[in-house]
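Hi,

Here's the structure I promised to pass along. Have a look at it first, and my notes are underneath.

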Amino acid sequence: MKGKSAVVIGSGIAGLAASIRLAVKGFNVTVFEAGSEPGGKMGEKSILGYRFDTGPSVFTMPHLIDELFELCGKNPRDYFNYSKLDPVFNYFYEDGTVINAAHGAEKFAEEIALKTSEKKETVLDYLAACETKYKLTHKVFLERSLHKPGNYLNYETLNGIVNFRKIQAFKTMNDANHKQLKDPRVVQLFNRYASYNGSNPFHAPATLNVIPFIEIGMGAYFPEGGMYAVISSLFKLAQEQGVEFKFNTMVTGIITANGKATGVRTSETAYSFDVVVSNMDVFNTYQDLIPDAPKPKLTLRQPKSSSVIVFYWGMMKTFPQLGLHNIFFSRSDKEEFNYVFEKNRIFADPTVYLNISSKANAADAPEGCENWFVMVTVPNNSGQDWDRFVRQTKKNVLTKLETFLNTDLKSLIGCEAILDPRRIETETSSAFGAVFGNASNSPYSAFLRHPNFSSKIKNLYFCGGSVHPGPGIPLCLLSAKIATDLVK
Ligand SMILES: Cc1cc2nc3c(=O)[nH]c(=O)nc-3n(C[C@H](O)[C@H](O)[C@H](O)COP(=O)(O)OP(=O)(O)OC[C@H]3O[C@@H](n4cnc5c(N)ncnc54)[C@H](O)[C@@H]3O)c2cc1C
């Protein structure tokens, strides 16, 4: 094989994106994946005629996927399509309030003003502040390495510093939301966005209020065929760029010599590469693949994000009152987050997220049926009795949804699969089964995520949700861009 070679450890969305970008740079790229399919947390499964996306369901910033096709000189529309959602979310409260959150600040604010005591202007001002935060931070915090001093010498950083007060890094999300909004239902709606990166709104900096702007202002989308279509199309693109995939192949070590990464090891053999990119959780990369390397202790010691329990239920009935994305709120988000982050347990009345992709893609469930993805936020795995937690949570979730929907749901579940932190840990090698790497519960969290490169081992790079700029599809894609842009 001629030319330089690169290996990517893991085919999560960031690993796929990194492999494509390296191939475009002219590397001969090989991806080693422990599992049997690409996608990692972004997988899919089919049971008895129901198809489920196993992980992400909220799809934002699709232009970051398009960018990969364009980079390869392809028309993204020849590979995958998506449509904008409107309404985006249906929110259900115990007092009977139902908010059908529309796309775009104007319509969203109108709906909130109609259903709650919040004024339309207040919501518009709030969303404008979220947009300002996004504009002030995205170039500095999301699109570049925070760990290269040269990246601080530019207009965007200077502008961020001048307007630092508006970023609200030293205020919590909950405090900022309470200050700007009066109706507790609306505060709870916006606090929930902390769970998008596994954080606690009672500790996480209000800078994270960029998330509602991304979803409401920039838009949420549905990929034709479901979320896994994103992975299938990127996998196809990577193969067309000549990327070689080795599935069912766990990397057991990164080989180093003279302070440089020179290849990887599997249980069978050793392979030489010029560049190594790890899409494996960075905590486990240090622990399992380079145990003798000096560790960035402060970074690895940071508290981990929350995790999730997901019930995948094939429901033998349709529910016209539900949409694609539905939230059934807890009576107290303060107690709920306190249980998850302080008590390491699950609140008996959790906020329940119910995604039904068959609402947008009828083929995902048999006629007259729906595929329910029912998710609650839970602590990461510190050895709790998960069998008991899963049993209790299922009971609590069913009771809650049965009350809201006034239907006996148990008898309608035609098939079931369950995801819990133990499986997330073993199946995707995510430290402590945390879904989102480190939690963002302090103003310094962004700076304490691991960089996209190793400062101790040359030619070793990192991408994925556990490193800068963070978790979720858009940030994982940006991590791949930042990491591979650093590869010379
Ligand atoms: C239930 C759930 C819901 C979510 N909802 C959303 C959402 O709505 N929107 C959103 O944007 N994000 C969501 N996320 C988060 C999002 O899925 C992740 O941030 C993202 O998919 C992580 O991608 P990644 O590139 O870090 O790799 P991962 O998906 O973590 O994959 C890593 C891959 O590396 C492989 N691997 C690890 N170690 C090795 C090794 N030693 N050798 C070989 N292979 C290895 C693993 O098998 C795995 O395939 C959700 C996640 C979950 C679990």
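Below is what came out on the domains, one of the interfaces and the cysteines.

Keep in mind that this is a predicted model.

Domains first. The assignment splits the chain into three: domain 1 is pieced together from 5-42, 56-81, 225-301 and 442-486, while domain 2 covers 102-218 and domain 3 covers 306-428.

I then looked at where domain 1 meets domain 3. Their centres, taken over C-alpha atoms, are 29 Å apart. Six residues on the domain 1 side are in contact with six on the domain 3 side. Together the two domains bury about 490 Å², with carbon and sulfur atoms giving 57% of that area. On the domain 1 side, K41, S57 and G225 lose the most area to domain 3, and together they make up 65% of what that side buries.

As for polar interactions across this interface, there are zero salt bridges, but one residue pair is in polar contact, both at pLDDT 80 or more. The domain 1 residues touching domain 3 come out as one nonpolar, four polar and one charged.

Now the cysteines. How many disulfides does a search of the whole structure find? Zero. Take C72: its closest cysteine sulfur is in C463, 16 Å away, so the two are too far apart for a bond. C415 has its closest cysteine sulfur in C369, and at 9.2 Å that is also too far for a bond, given that a disulfide needs the sulfurs within 2.5 Å. C72 counts as buried at 15% relative accessibility, and C415 counts as buried at 6%.

Cheers

Key: Residues numbered from 1 in each chain as written. Predicted model: local features only at pLDDT ≥ 70, side-chain atom pairs only at ≥ 80, totals over all residues. Heavy atoms only, no water. Buried < 20%, exposed > 50% of the residue type's maximum accessible area, 1.4 Å probe, protein only. Domains from an automatic or database assignment. Contact = heavy atoms within 4.5 Å. Buried area = accessible area lost by both parts, 1.4 Å probe. Salt bridge = Lys/Arg side-chain N within 4 Å of Asp/Glu carboxyl O. Polar contact = N/O pair within 3.5 Å; in protein donor to acceptor, adjacent residues only side chain to side chain. Nonpolar A, V, L, I, M, F, W, Y, C, P; charged D, E, K, R; others polar.
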